[in-house]
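Grab a pencil and work through these exercises with the model open beside you. Each task comes with a worked solution.

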Amino acid sequence: MDSNIEKYSFSTIGFSSQIENPEDFRRDYVSLGFLIFYLLTPSSNIVELRKDFYDPCLRYLEDKYSLPKEFRKLITLLNNTNEKTNVNEFISVVIDIQPNLKFSKNIQLENDIDNKINKIGKFILKNTLNGENQFFPSDFMAREFLSITHGTAGVLRALDYCKIDYDIELSRKYNHIINENHNNIQINLNTGLAGICWYYLEQNATEQSRRLLNIISERQNTVTKLDLGNGLSGIGMLYLKTYLMIGERDYLYKAIDIGESILNSTEINSIKKVGISNGRSGISLFLLYLSVITNSGKYAKFGKKILLEEIEYGHEINYGYGFPSSVDKPNFLYPYFSEGTAGVAAVAIRYYHLFNDSILKEEVVKLGNGLNCVLATELGLYSGLTGIANTLLDYYQFTNDRKYYNKTCEIINNIQQFLLKDDGEGLGFPGSLMYRFSCDYSTGASGFIMLLERIKSNKNNFHFFLDELFINTNSPIKLEKVISQT
């Protein structure tokens, strides 16, 4: 073989070293070390952001869950091997491993929450972008950057929610872009004008809100889906939000029209997606709030029916439920919010709170058990630990059962171990699959700081919920807590 032929170095993200020489034997040792780290906690992609992350992470797991320290010692040896390293050193460490995992019973929320919120906020503002439409780093899969889910609206909403000051020019520039480009933006809740309008309503920006509401009303007949994230239920939820905030009954009537169309639609039966964003449970959430406001039980009755239909897609594991993202993919189960247990559970706990139904009680317990997930490869609100913790906090607020609060604190503490310091005083939040930092609402820092602010201040759920109707309501509109079921 000709040794002069140029050799190329190939690698996999999260499993490779910085050694460029393809003939250097240490490359394989380092890769083996990262592979072992991945088997312990599938988050090795984060080493692309910080190469020595495995060390503080494993130290935390040693302290929190009694992970044998030999794992960290072995990975350190593999990462620092040289020509003098004897393979017997590795074998000796492996032989010494004695697994005896234990879970700490002393679960307390770290007491520097304000400091963490401020440091994450500093990172967000320090990393603003000068793109034409993108102001902040977002999910690597994102294709739009103006909405709540992936865009500027979600980040500004989080900064306002956490009372973090930012340059008012950001808002002015964003408002200008929306005014100039609204015809090119979808009208849905997750990634469109309805979510942006929700943000404006929270800012008491009545003029901007009315402008978008008119556009949404004009284009509503183009929406064929019924779901919450991308369909009519999300638009109906916006109308309810508008009615509660400015008190104009026309918006309530618009929401009622959507509710009636859902009750009379046959499209429900053909929904394949599962979860609060795209499945039946999100539709049932809209119908629940519509019932509370109108004091008409027919909406909640139908909502409960389709909620139970969705729960039937759950697979019981360890006394809890996991859910597929679609009925066509039943073998992959998720505990997450947008698609998975956390979203379905968030809806079910609200139905149970209002109806105290015996069937719902059993299902709510199993759904809560399905949230017993304290470590994951995703950290964000929609498909990660933040969303799970947020729903567990719902469970605590609705049931006053301390175990749900403790589990929320445990998850938040675990997430904080993945925050990475920048070269100043900021803290970066790894986004989807921990490939790179994200500041957005669904996968990144914005959703997490809202969770921190929520648990610190004991606020209602900050997502697209209307819990002010029955928890600490300050609504000027008189509402009935108990829904007529006739």
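**Exercise 1. Find the ring that the charged end of Arg-350 sits over, and give the distance to its centre.**

Solution. This is a predicted model, so we are reading computed geometry.
- Step 1: Start from the charged end of Arg-350 and look for the ring beneath; that ring belongs to Phe-465, and its centre is 4.0 Å away.
- Step 2: Now try a lysine. Lys-459 lies over the face of Tyr-161, 4.3 Å from the ring centre.
- Step 3: Stay with Tyr-161 and look at its aromatic company: together with Tyr-382, Tyr-441 and Phe-462, Tyr-161 forms one aromatic cluster.

**Exercise 2. Decide how the aromatic pair of Tyr-396 and Tyr-405 is arranged: stacked, edge-to-face or tilted.**

Solution. There are 20 aromatic pairs in the structure, and we'll pick just one.
- Step 1: The ring centres of Tyr-396 and Tyr-405 are 5.1 Å apart, and their planes meet at 50 degrees.
- Step 2: Stacked needs an angle under 30 degrees and edge-to-face one over 60, so this pair counts as tilted.

**Exercise 3. Describe the surroundings of Tyr-405: which residues is Tyr-405 in contact with, beyond its neighbours within four places in sequence?**

Solution.
- Step 1: Place the residue. Tyr-405 is part of helix α17, which runs over residues 402-416.
- Step 2: Check burial. The relative accessible area of Tyr-405 is 18%, and the cut-off for buried is under 20%, so Tyr-405 counts as buried. Its ring partner Tyr-396 is buried too.
- Step 3: List the contacts. Setting aside those close sequence neighbours, Tyr-405 touches Leu-393, Tyr-396 and Ile-455.
- Step 4: Add one distance. Ala-389 is 16 residues from Tyr-405 along the chain, and their C-alpha atoms are 8.9 Å apart.

**Exercise 4. Check the length of helix α9, then work out where its buried residues point.**

Solution.
- Step 1: Helix α9 has 14 residues (206-219), so at 1.5 Å a residue it should span 20 Å. The C-alpha atoms at its ends are 20 Å apart, which agrees.
- Step 2: Pick out the buried residues of α9: Ser-209, Leu-212, Leu-213, Ile-215 and Ile-216.
- Step 3: These cover an arc of only 165 degrees around the axis, so they are on the same side of α9.
- Step 4: Turn to the other side of α9, where Glu-207 and Glu-218 are exposed.
- Step 5: Ask what the buried residues of α9 pack against: α7 (168-181), α8 (193-202), α10 (232-246) and α11 (249-263).

**Exercise 5. Repeat the length check for helix α13, and name what covers its buried residues.**

Solution.
- Step 1: With 15 residues (297-311), α13 should span 21 Å at 1.5 Å a residue; its end C-alpha atoms are 21 Å apart, so the two agree.
- Step 2: The buried residues of α13 include Tyr-299, Phe-302, Ile-306, Leu-307 and Glu-310.
- Step 3: Among the elements covering the buried residues of α13 are α11, α12 (280-294), β2 (320-322), α14 (341-355) and α15 (358-369).

**Exercise 6. Count the disulfides, and say whether Cys-57 and Cys-197 are buried or exposed.**

Solution.
- Step 1: A disulfide is a covalent bond between the sulfur atoms of two cysteines. This structure holds zero of them.
- Step 2: Cys-57 is buried, at 5% relative accessible area, and Cys-197 is buried as well, at 0%.

Technical notes
Residues numbered from 1 in each chain as written. Predicted model: local features only at pLDDT ≥ 70, side-chain atom pairs only at ≥ 80, totals over all residues. Heavy atoms only, no water. Helix = DSSP H or I, 4+ residues; strand = E, 2+ residues; numbered from the N terminus. Expected span 1.5 Å × (residues − 1). Buried < 20%, exposed > 50% of the residue type's maximum accessible area, 1.4 Å probe, protein only. Arc of directions from axis to C-beta. Contact = heavy atoms within 4.5 Å. Disulfide = S-S within 2.5 Å. Phe/Tyr/Trp six-rings, centres within 6.5 Å; stacked < 30°, edge-to-face > 60°. Lys NZ or Arg CZ within 6 Å of the ring centre and 35° of its normal.
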